[in-house]
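Here are a few notes on the strands in this model, in no strict order. Have the structure open while you read.

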Amino acid sequence: MKLKNLSIIIMSCLVSCTNSTTKNETSTPADTTKTTAFKPADFEEQLIYNRAVESVIWGIPVVNSELLHESLVKVKGDYNQIIYWSGLISSKNQTLTPNPDVIYVNPLYDTRQGPVVLEIPPVDGVSSLTGSLDDGWQTAIEDIGPAGVDKGKGGKYLILPPNYKDAVPLGYIPMPSSTFTGYAILRSNLTDGSPNDIKRAVDYGKKVKIYPLSEADNPPATTFVDLLEVPFSNTIPYNFHFFEILNQFIQREPWINRDIAMIDQLKTIGIEKGKTFQADARKQEILNAAIKDAHAWIDSEYENAFKIPFYNDTKWALPVSQDFVKSIGSNYSIPNLYPVRERAIAYSIAYFSAKHLGTGQFYLISIKDDKGQEFDGSKLYKLHLPAKVPVKLYWSVTVYDRETHALILGMKYASRASTSPGLQKNSDGSVDIYFGAKAPAGKESNWVPTNPKGKFELLARFYGPEKGFFDKTWKMGDVEEVK
């Protein structure tokens with residue numbers, strides 16, 4: 001059956017063979033580019049396959065989150081420390097759609113020994129943070145910084161373990177987490193991208209602190225792990241390792257009531273709390289088949305999410321549903337609403353959620369040009385940004401590998417932003433940005449390089465979006481191929 005029928009087959013639990021569909025392979029750590037020709041020997045194998053597919057769709061957020069810690073351990077870091085980049089990131093950072101125009105400061109917390117304090121500095125001149133505190137499901141507990149709870153005044157956020165019953169001490173902002181572990185994604189904002197500006201943003205970001213509440217009277221120094229020159233990856237492995245990572249999370253974290261139905265689903269594929277996850281050669285074969293097909297289906301759904309554009313008659317969209325946005329904002333507490341499918345799409349391309357999307361930042365993605373053709377790295381394209389982009393902070397446009405949703409390996413840089421040094425403006429204040437394997441003459445400062453042998457996608461960021469952005473009185477057009 002064709003790929004577009006796969007979701008129907010999954011839902012009916014009568015999954016049959018699928019034909020191979022090949023895409024361009026790039027830097028992904030596993031072969032994720034084909035659907036399988038899985039043939040069950042009996043109904044039990046069919047059930048394992050079906051439930052494995054559903055487990056992938058359900059479990060993407062936690063695997064994505066767990067990978068962040070797994071990568072931290074590889075560089076000899078741990079929970080209750082802060083990973084940061086002492087400069088702008090490069091493609092050595094192979095996380096999902098990272099922002100190469102800010103300084104990242106990312107605390108990872110573990111509350112198994114008790115509440116953890118995340119101390120945020122107040123705004124200092126042009127220095128500010130934009131970000132959110134997320135639980136292990138990548139569900140935003142709350143936003144942080146000027147667009148968050150502290151409103152730019154800074155404060156002591158107290159991260160509470162699941163089902164915490166004790167009183168919260170005065171002076172702390174309670175952050176109840178549904179999981180023992182999680183993280184904050186904090187961005188120390190730039191103004192002009194100069195070396196001095198980058199140093200300022202790094203120094204300000206390192207004012208963030210994390211420590212146990214039990215040591216709050218005499219907090220230990222926060223450990224910062226600099227990853228600027230360190231290969232760091234958490235692109236999703238669409239292979240057997242996915243289930244190993246999912247098992248790690250299940251063993252450590254409590255069940256949430258909304259997910260109780262998954263206990264038996266996971267038991268079928270061999271994941272059960274308190275027991276070792278084991279899979280013989282045949283089960284591994286089934287699980288690998290299931291995750292390849294789940295990946296193909298998720299990617300197909302990702303493409304379908306662009307059918308509702310942000311601007312009419314364009315290819316720009318936020319490829320997540322309003323149901324998903326509402327669910328994140330309510331911590332999935334809205335009755336009869338649990339958009340697991342939409343959540344899988346969102347976290348297949350990103351590893352972060354904001355509590356109030358559109359307050360601190362907003363995102364638009366495009367995967368096709370104005371003619372409806374996928375972006376080809378061997379061609380040259382132009383994007384026209386009208387003058388006076390309605391943002392308080394900055395805008396940027398970043399190129400990502402279409403296959404992995406990470407930065408394209410080996411490129412000198414990956415984006416252009418209003419903070420990019422040397423960015424050329426037109427006489428009316430508008431900006432033209434170019435994407436391609438070779439820069440157009442005289443436009444090098446407005447050009448982003450691409451891999452001529454691969455496809456790519458674009459993500460436009462708007463930090464501190466203003467009313468005119470959402471009123472759409474300012475409109476960004478489609479990307480056009482330059483002949």
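1. How many bridges join strand β7 to β8, and do they run parallel or antiparallel? There are 5 bridges between β7 (residues 155–160) and β8, and the two run parallel. One pair to look up: L160 has P176 in β8 as its bridge partner. Strands here are DSSP runs of E, at least two residues long, numbered from the N terminus, and two strands pair if DSSP finds at least two bridges between them.

2. A word on the basis. This is a predicted model, where local features need pLDDT of at least 70, side-chain atom pairs count only at pLDDT 80 or more, and totals for chains, interfaces and linings use all residues. Residues are numbered from 1 along each chain as its sequence is written, and side-chain values use heavy atoms, leaving out hydrogens and water.

3. β7 and β8 belong to an open, mixed sheet of 4 strands, ordered β8-β7-β4-β10. At the edges stand β8 (172–176) and β10 (209–212), each with a single partner strand, so each has one side without a neighbour in the sheet.

4. Now to β17 (residues 431–436): 6 of its 6 residues are buried (under 20% relative accessible area, 1.4 Å probe, protein chains only), so the strand is largely enclosed by the rest of the structure. V431, I433 and F435 point one way, D432, Y434 and G436 the other.

5. β17 pairs with β14 (residues 381–385) in the antiparallel sense over 5 bridges, and with β18 (residues 447–449) in parallel through 3 bridges. F435 is worth a click: Y381 stands opposite F435, and V448 in β18 is a bridge partner of F435.

Conventions. Buried < 20%, exposed > 50% of the residue type's maximum accessible area, 1.4 Å probe, protein only.
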